[in-house]
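Colleague: Could you walk me through the ligand and the space around it, and explain the terms as we go?
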Amino acid sequence: MSTHLIAPSVLAADFGNLQRDIEMINESDADWFHIDVMDGMFVPNISFGMPVLESIQKHAKKLLDVHLMIEQPDRYIETFVKLGAKLITVHYEACPHLHRSIQLIKSFGIKAGVALNPHTPVHVLNEVIGDIDLALIMSVNPGFGGQSFIENTYDKVSTLRKMANTKNLDLLIEIDGGVSNKNAKALTDAGANVLVAGSYIFGNKNPKQAIIDIKNF
Ligand code: DX5
Ligand code: ZN
C-alpha cells in the first residue's frame, strides 16, 4: 500500500462552517491541513490571512502546512510560525534570495518547502534540494481552487524524484491542484508523497470517503 499523505486544502472549505469542516478533517484519514495564503499580487486572488489562521489553529489537530502564494514571504514567516505553521512553503518565483528564505523558515525549527509554478522546471531546485524538506509542484496555476490538472506534472514529479534519489534525499514531493481519484495513484507512482486536494474533497457528498479514496490504494 502507498504511504503518501493527504492534505485537504482549507481554501475549499465552507468558511461559514469552518469549525465543522476542520473537525471533519480531524476525524478523517487526512494527515495535514493545507492552508493557502494569497496576497492578490503574486497570484490574482486574495484568500485569507492571520485572523483565519488563528481560528484554524484553535481547532486543527493535525500539522498545519502553510502555502504562501505571496510576494516577499520573508516578511511574514515568523508570524505564521506563531500561528502554528509546522511547514511553510514559499514560491521559487517569489524569492530572489531563496536560500535565505529557506534558512529563515528552518531557523524556527519547522519544515521548509519550495513551490514551483507549472512553467518552472524542477532543475531550478538543484542547488537547494538538500536544504529543503518538501518541494511543492503546482499542477494548476496558483490562485484558485477547482481548476483542471496539468498533465505535464507527471514528468516533473518523476524527474524531481530522480534528482532526490541521486542525492540520496528523502524529499517530500507535494502536488497541489486538480488532484482527485483520477490521478492520485499515477501521481504517487511517479514519486509524489503528499497530495493536496480541495474541491475534490469538499465538493464531495462524503468528504471523509473522498479522502479515503485518494489515500488507500
Ligand atoms: C491553488 C491552491 C490549491 C487549491 C487546490 O492556488 O494552492 O491548494 O486550493 O484546490 P483544488 O484541489 O480544488 O485544485
Ligand atoms: Zn496550495
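Modeller: Before the classes come up, Ala, Val, Leu, Ile, Met, Phe, Trp, Tyr, Cys and Pro count as nonpolar, Asp, Glu, Lys and Arg as charged, and the others, Gly among them, as polar. This is a predicted model, in which local features need pLDDT of at least 70, side-chain atom pairs count only at pLDDT 80 or more, and totals for chains, interfaces and linings use all residues. Residues are numbered from 1 along each chain as its sequence is written, chains are lettered from A and ligands numbered from 1 in the order in which they are written, and side-chain values use heavy atoms, with hydrogens and water left out.

Colleague: Which residues come nearest to ligand 1?
Modeller: There are 20 residues around ligand 1, and Asp36, Gly143, Asp176, Gly198 and Ser199 come nearest, where being near takes a heavy atom within 4 Å.

Colleague: And how do those 20 residues divide by class?
Modeller: The shell around ligand 1 has eight nonpolar, ten polar and two charged residues.

Colleague: Which residue has a side-chain N or O atom 2.5 Å from an oxygen atom of the ligand?
Modeller: That is serine 199, and the pair is a polar contact, meaning N or O atoms within 3.5 Å. An oxygen atom of ligand 1 also lies 2.8 Å from a polar backbone atom of glycine 198, and one is 3.4 Å from a side-chain N or O atom of histidine 67.

Colleague: Changing topic, which element gives the most to the shell?
Modeller: That is β2, with three residues, a strand being a DSSP run of E with at least two residues, numbered from the N terminus.

Notes:
Polar contact = N/O pair within 3.5 Å; in protein donor to acceptor, adjacent residues only side chain to side chain. Helix = DSSP H or I, 4+ residues; strand = E, 2+ residues; numbered from the N terminus.
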